[in-house]
Amino acid sequence: MTDQKPTEEELNALDITDAEAAEMNAIAHPFVADPAPDANDDLVQIDATADGVVFVTINRPQKKNAFDAATIAALYEAFETLHGADKVRVVFIRGAGGTFSAGADLNWMRDAADWSESDNRDDAMALAKMLKALHDVPALTVALVEGAAMGGGAGIVAACDMAVAVEGARFAFSEVKLGLIPATIAPYVIEAVGARRARQLFLTANIFDADYAAHAGLIDMVLPEGSVDEFISMLTDSLSANAPGAMGDAKRLVNDVAGEEIDHRLLEETAKRIARARVSVEGQEGVRAFLDKRAPSWAQ
């Protein structure tokens with residue numbers, strides 16, 4: 001563990017040009033027709049490929065992708081839209097310009113200092129709803145951490161199903177240094193790292209590196225510099241054989257079963273779910289394809 005701040009070189013090690021990003025993410029924009037009043041789609045870019053791969057990019061590189069109310073609203077719209085997107089298998093979340101997110105925007109924090117408790121509660125609920133919308137996206141969600149993920153940025157990492165970080169990435173939950181607490185992100189961080197580790201990370205407020213983040217369970221893998229695109233290709237290729245609808249059902253299964261008592265009610269519920277899957281269009285196609293020794297329709 002270290003308390004050193006990341007260097008500019010570390011924060012921008014994997015920056016890509018607009019042309020490279022456009023080529024890598026070439027696709028249609030799936031934003032809903034009527035976004036929330038505070039949403040600004042310039043702050044969050046969504047790109048999706050025809051084979052069910054989506055990239056959600058926080059686009060405030062000049063602010064190291066720090067959050068403010070408009071950015072949170074744009075992220076919420078993006079994640080809510082993906083709840084109804086068919087055939088999406090994986091959603092990659094990253095920050096533009098080589099930094100995942102520096103956490104809360106300073107001007108936003110300065111404004112909040114003058115708000116009433118009620119106004120602050122409403123503001124915090126917007127962040128809480130955004131994180132819940134991310135957590136509930138049916139597809140596999142993957143955080144790609146480059147540079148730094150601080151405070152709420154690290155909360156987004158925890159709310160994803162999977163997270164990887166490039167060597168040199170830095171993380172921190174530094175709220176207590178400001179006399180605050182990491183309240184809205186706490187459910188996801190605790191789910192990711194456990195209560196004991198969360199207490200240590202929240203109360204020390206230390207900056208820690210990618211290796212320690214992996215040790216703690218906040219991320220799943222540390223990537224060598226320059227290997228992000230290779231990881232994306234590897235993961236998307238491996239997911240191409242998976243039925244998109246079944247992936248969403250499997251994710252909901254985990255969310256619904258985790259922490260439940262293994263009693264008769266749960267046995268009945270899980271039996272109902274597999275029975276429903278067996279007679280579904282995907283279930284019928286998948287089993288018949290396996291027996292016929294051919295690729296299922298979604299993998300062709």
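## Around Phe171

Start with phenylalanine 171 in this predicted model. Leaving aside residues up to four places away in sequence, Phe171 touches Val145, Ala149, Met150, Ala165, Asn206, Ile207, Phe208, Asp209, Ala210, Ala213, Leu218 and Ile219. With 0% relative accessibility, Phe171 counts as buried.

Phe171 also belongs to the largest nonpolar core, which has 55 residues. Together with Val56 and Ile156, Phe171 is among the residues with the most contacts inside that core. Helix H3 (residues 69-83) is the top contributor here, giving six residues. There's a second, separate core too, with 16 residues, including Val53, Val90, Val166 and Leu239.

## Aromatic pairs

The count of aromatic pairs comes to five. In one of them, the rings of Phe171 and Phe208 have their centres 5.7 Å apart and their planes at 15°, so this pair is stacked. The partners come from distant parts of the chain: Phe171 sits in strand S7 (residues 170-172) and Phe208 in strand S8 (residues 208-209), 37 residues apart. Phe208 counts as buried as well, at 1% relative accessibility.

Another pair joins Phe173 and Phe202, with ring centres 5.4 Å apart and planes at 70°, so this one is edge-to-face. Again the link is between distant parts of the chain, 29 residues apart: Phe173 is in the loop between S7 and helix H7 (186-193), while Phe202 is in helix H8 (residues 195-204). Phe173 is buried, with a relative accessible area of 1%, and Phe202 counts as buried at 11%. Ring pairs tie Phe171, Phe173, Phe202, Phe208 and Tyr212 into a cluster.

## The six-stranded sheet

Now for the sheet. It's an open one of six strands, in the order S1-S2-S3-S4-S6-S9, with mixed pairing. Strand S1 (44-48) and strand S9 (221-223) are at the edges with a single partner strand each, so one side of each has no neighbour in the sheet. From one strand to the next, the twist averages 20°.

Walk across the sheet and the pairings go like this. S2 and S3 run parallel, joined by six bridges, and Phe55 stands opposite Phe92 in S3. Strand S3 (residues 90-95) is in turn parallel to strand S4 (residues 140-145), with four bridges between them; on that side, Phe92 stands opposite Val142 in S4. S4 and S6 also pair in the parallel sense, over four bridges, and the partner of Val145 in S6 is Ala165. Three bridges then connect S6 to S9, parallel once more, with Val166 matched to Leu223 in S9.

## Strands covered on both faces

What happens to the side chains of S3, buried or exposed? Six of its six residues are buried, so to speak of S3 as mostly covered is fair. Val90, Phe92 and Arg94 point one way from S3, with Val91, Ile93 and Gly95 pointing the other way, and all are buried.

S6 is mostly covered too, with five of its five residues buried. Met162, Val164 and Val166 lie on one side of S6 and Ala163 and Ala165 on the other, and both faces are covered.

## Helices on the sheet

Which strands does H3 lie across? H3 crosses S1, strand S2 (53-58) and S3, running at about 170° to S2. This is the helix that gives the most residues to the largest core.

Helix H6 (residues 152-159) lies across S2, S3, S4 and strand S6 (162-166). The angle between H6 and S4 is about 145°.

## The H11 and H12 pair

Finally, there's a helix pair to look at. The axes of helix H11 (residues 244-257) and helix H12 (residues 264-279) come within 12 Å and cross at roughly 175°. H11 and H12 are therefore roughly antiparallel to each other. At their interface, Arg252, Leu253, Asp256 and Val257 in H11 meet Leu266, Thr270 and Arg273 in H12.

Conventions: Residues numbered from 1 in each chain as written. Predicted model: local features only at pLDDT ≥ 70, side-chain atom pairs only at ≥ 80, totals over all residues. Heavy atoms only, no water. Core = buried A, V, L, I, M, F, W, Y, C linked by side-chain atoms within 4.5 Å. Buried < 20%, exposed > 50% of the residue type's maximum accessible area, 1.4 Å probe, protein only. Helix = DSSP H or I, 4+ residues; strand = E, 2+ residues; numbered from the N terminus. Contact = heavy atoms within 4.5 Å. Phe/Tyr/Trp six-rings, centres within 6.5 Å; stacked < 30°, edge-to-face > 60°. Pairing = 2+ DSSP bridges. Axes fitted to C-alpha atoms, helices over the stretch in contact; angles between N-to-C directions. Parallel < 35°, antiparallel > 145°, perpendicular 65-115°, else oblique.
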